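User: I would like to go through some of the labels attached to this model and ask, for each, what it rests on.

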Amino acid sequence: MKKTKIKEESFFYKNLEVNMLIPNKPNENYDWVFKCDYYGEFKELDYALVENGYHVVYMKNISRWAYMKDIINKGELAFYLNTTYNLSLYFSLIGYGSAGSIAIKFASLYPEFINSIILDSPVVDFISCPGNIKDNYSKNSWLKEFSIIYPNENLISLETSNVNPKNLLNTLNEYNIPIYIMYSDNDEVVPFNDNTKLIYDAYDDKNSVIIKKKKSDGHSEFGDIDLVDDIISFIINR
């Protein structure tokens, strides 16, 4: 991969920090990707996107569990970036882990904006994560984070609540939004069958959901450098 100095700009919007990686030569459409959380993760993909003329944008979240205020803030930021930086109103989303829930909820609210979605071990069912109280990571997340922003939700209500990303997948299927998902074997924090598989099952057009296994095992670091070129091709060719 070609190594060049990456230009980065930071500013505040809605009193939340926004970070933006800026290509030296933006492509003609001023395409970009919205990184829903975990800004510092899988930088190899970020740099490859910039090399291909894409802006990479991240906005700090109030909560990592798809809080509606965060979704609205991101939608308003997209309009701001369009008017201020001329960035396209048609872009891709990146969501790793819990940020997968943010990407799904954003795409369900603004499906006409979305070119494609890139996910890694995405949280799709809150009953699985952070609702799996047998897992200490999930249990702590539920008690210290999730229940604070969703005080009226419980494991029973989440089965049908639109708070839960799994109940929003019909919109993604209706718009046939292309999704590329990375996963690892033996992920006990965000189990494949309880999360990623739900996306595949929800789609009528199975060719719109690409699922790739990573080299890593369990719920570890996000991304796989061997998949960078494949993901870039997926985004560009939508």
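User: What makes the lining of the largest cavity count as 4 nonpolar, 3 polar and 1 charged residues?

Analyst: The model is a predicted one, and in it the largest cavity is lined by Ser121, Pro122, Tyr183, Ser184, Asp187, Val190, Phe192 and Thr196. Since Pro, Tyr, Val and Phe count as nonpolar and Asp as charged, while Ser and Thr fall among the others, which are polar, the lining comes to 4 nonpolar, 3 polar and 1 charged residues.

User: How many cavities does the search of the whole structure find, and what volume does the largest cavity have?

Analyst: With a threshold of 30 Å³ or more, the search of the whole structure finds 1 cavity, and the volume of the largest cavity is about 50 Å³.

User: Why is the contact between Lys35 and Asp46 called a salt bridge?

Analyst: The criterion asks for a side-chain nitrogen of Lys or Arg within 4 Å of a carboxyl oxygen of Asp or Glu, and the side chains of Lys35 and Asp46 meet at 2.7 Å, N to O, so the pair qualifies under that rule. Lys35 lies in strand S3 (residues 32-35) and Asp46 in helix H1 (residues 43-51), so the salt bridge ties together parts that are 11 residues apart in sequence.

User: Are Lys35 and Asp46 buried or exposed?

Analyst: Buried means under 20% relative accessible area; Lys35, at 0%, therefore counts as buried, and Asp46, at 0%, counts as buried too.

User: What do Glu145 and Arg64 tie together, and how are the two residues classed by accessibility?

Analyst: Their side chains meet in a salt bridge of 2.7 Å, N to O. Glu145 lies in helix H4 (residues 136-149) and Arg64 in the loop between strand S4 (55-59) and H2, so the pair ties together parts that are 81 residues apart in sequence. Because the buried class ends at 20% and the exposed class begins over 50%, Glu145 at 29% is partly exposed, whereas Arg64 at 15% is buried.

User: Which residues are joined into one network by salt bridges that share partners?

Analyst: Glu159 and Lys166 meet in a salt bridge at 2.6 Å, N to O, and salt bridges that share partners join Asp125, Glu159 and Lys166 into one network.

User: Why can Ile72 belong to a nonpolar patch on the surface?

Analyst: A patch residue needs over 30% relative accessible area, and Ile72, in helix H2 (residues 68-85), has 31%, so Ile72 passes that cut-off while being classed as partly exposed. Met68, Ile72 and Leu109 form the patch, with about 230 Å² of accessible area together.

Terms used
Residues are numbered from 1 along each chain as its sequence is written. This is a predicted model: local features need pLDDT of at least 70, side-chain atom pairs count only at pLDDT 80 or more; totals for chains, interfaces and linings use all residues. Side-chain values use heavy atoms; hydrogens and water are left out. Patches are made of residues with over 30% relative accessible area and no salt bridge: like charges are joined within 9 Å, nonpolar side chains (Val, Leu, Ile, Met, Phe, Trp, Tyr) within 5 Å. Accessible areas come from the Shrake-Rupley method with a 1.4 Å probe; for residues, only the protein chains shown count as cover. Helices (H or I, at least four residues) and strands (E, at least two) are DSSP runs, numbered from the N terminus. Buried means under 20% relative accessible area, exposed over 50%, partly exposed in between (1.4 Å probe, protein chains only). On a 1 Å grid over the protein atoms alone, a cavity is a set of points where a 1.4 Å probe fits but cannot get out, and a pocket is an open set with protein on both sides within 12 Å along at least five of seven lines; lining residues have an atom within 4 Å of a point. Grid points are joined across faces, edges and corners, and a volume is the space filled by probe spheres set on the points.
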